[in-house]
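Dear colleague,

I am handing over the structure we spoke about, and below it you will find my notes. Please read them alongside the coordinates.

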Amino acid sequence: DDFDGFVGTYGTDTMAETACALSYMLPGLRKPVVLTGAQRPLGEIRTDARLNLIDAVTSALHGPREVTVCFDSKLLRGNRVRKVSIAEYDAFESPNHAPLGVLGVDARFGRGLTPRGRPRLLAGIEPRVFLLRVFPGLDPQIPLSILPRVRGLVLEAYGAGTFPTNDALGRSLTPVFSEARRLGVPVMVVSQAPRNGVDLTMYESGAKARRAGAVSGGDMTVSAAVVKLMHGLAFHRGNALRDYLERSVAGERS
């Protein structure tokens with residue numbers, strides 16, 4: 001209550017995951033929470049740390065009241081970002097959501113989220129979540145052997161949510177969804193493509209996954225989906241968990 005906004009300096013490698021976690025853990029947020037960092041250390045002459053920090057403080061004073069990432073003179077929704085560069089100052093992008101602010105000669109900010117409900121802290125996390133990326137030749141016995149040891153699974157599928165279904169070749173991933181349902185392990189499907197999102201009604205494989213209980217991650221980033229499943233499992237079960245995953249909690253999905 002004593003502060004108008006908050007700035008956190010953080011390492012860039014896991015900044016996206018941290019921003020996602022904060023956005024889910026702080027429902028009803030009514031003050032800006034801005035994460036920033038740097039590609040070069042503060043002590044170096046060509047560091048980007050100074051400008052990023054100045055921009056972050058400006059965003060915390062005048063920007064939207066939600067969790068954001070401020071980097072390279074852009075303010076991005078925290079649960080929409082992904083790190084895309086190691087060697088450039090423009091290290092983050094938000095492929096499915098426009099920037100919330102641009103800090104050039106003038107600083108211009110969008111409206112951002114409208115706060116809903118009272119401010120709370122929901123800090124729980126269930127870490128036993130596994131991320132499986134589909135690739136040609138993936139042996140389904142590998143994820144089947146993992147399922148009994150996890151509480152949730154995020155499947156990074158092709159395109160709009162497709163995956164191998166050819167039983168004749170022994171590479172079908174359909175049994176993974178069936179076994180997950182039997183074990184009570186929720187499965188969320190996201191896309192390997194950074195732009196647009198999953199539609200489990202578009203192709204046969206997606207429809208099979210949906211009938212087996214899989215949840216579409218829509219246009220969420222992989223980080224947003226993984227962290228949301230970890231957070232959701234700490235507070236919800238059954239239909240309540242499915243509802244939590246399918247709706248927009250903090251602007252993370254369209």
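In these notes a residue is called buried under 20% relative accessible area, exposed over 50% and partly exposed in between, with a 1.4 Å probe and protein chains only. This is a predicted model, in which local features need pLDDT of at least 70 and side-chain atom pairs count only at pLDDT 80 or more, while totals for chains, interfaces and linings use all residues. Residues are numbered from 1 along each chain as its sequence is written, and side-chain values use heavy atoms, with hydrogens and water left out.

Helices (H or I, at least four residues) and strands (E, at least two) are DSSP runs numbered from the N terminus. By that scheme Leu53 sits in helix α2, and Leu53 counts as partly exposed because its relative accessibility is 40%. Together with Val7, Val57 and Leu61, Leu53 forms a nonpolar patch on the surface, with about 310 Å² of accessible area in total (Shrake-Rupley method, 1.4 Å probe, only the protein chains shown counting as cover). Such patches take residues with over 30% relative accessible area and no salt bridge (a side-chain nitrogen of Lys or Arg within 4 Å of a carboxyl oxygen of Asp or Glu), and nonpolar side chains (Val, Leu, Ile, Met, Phe, Trp, Tyr) are joined within 5 Å, like charges within 9 Å. Helix α2, residues 49-62, gives the most to this patch, with three residues.

Turning to the sheet, six strands form an open arrangement in the order β1-β2-β3-β4-β7-β8, with mixed pairing, where two strands pair if DSSP finds at least two bridges between them. Its edge strands are β1 (6-9) and β8 (107-109), each of which pairs on one side only. Strand β7, residues 101-103, pairs with β8 in the antiparallel sense over three bridges, and Leu103 stands opposite Ala107 in β8.

Two loop positions complete the notes. Ser85, in the loop between β5 (82-83) and β6 (92-93), counts as buried because its relative accessibility is 7%. Leaving aside neighbours within four places in sequence, Ser85 is in contact (heavy atoms within 4.5 Å) with Gln39, Asp90 and Ala91.

Gly213, found in the loop between α5 (204-211) and β12 (215-216), is partly exposed, with a relative accessible area of 28%. Gly213 lies 33 residues from Ala180 in sequence, and their C-alpha atoms are 8.8 Å apart in space. With neighbours within four places in sequence again left aside, Gly213 is in contact with Arg181 and Arg242.

Best regards
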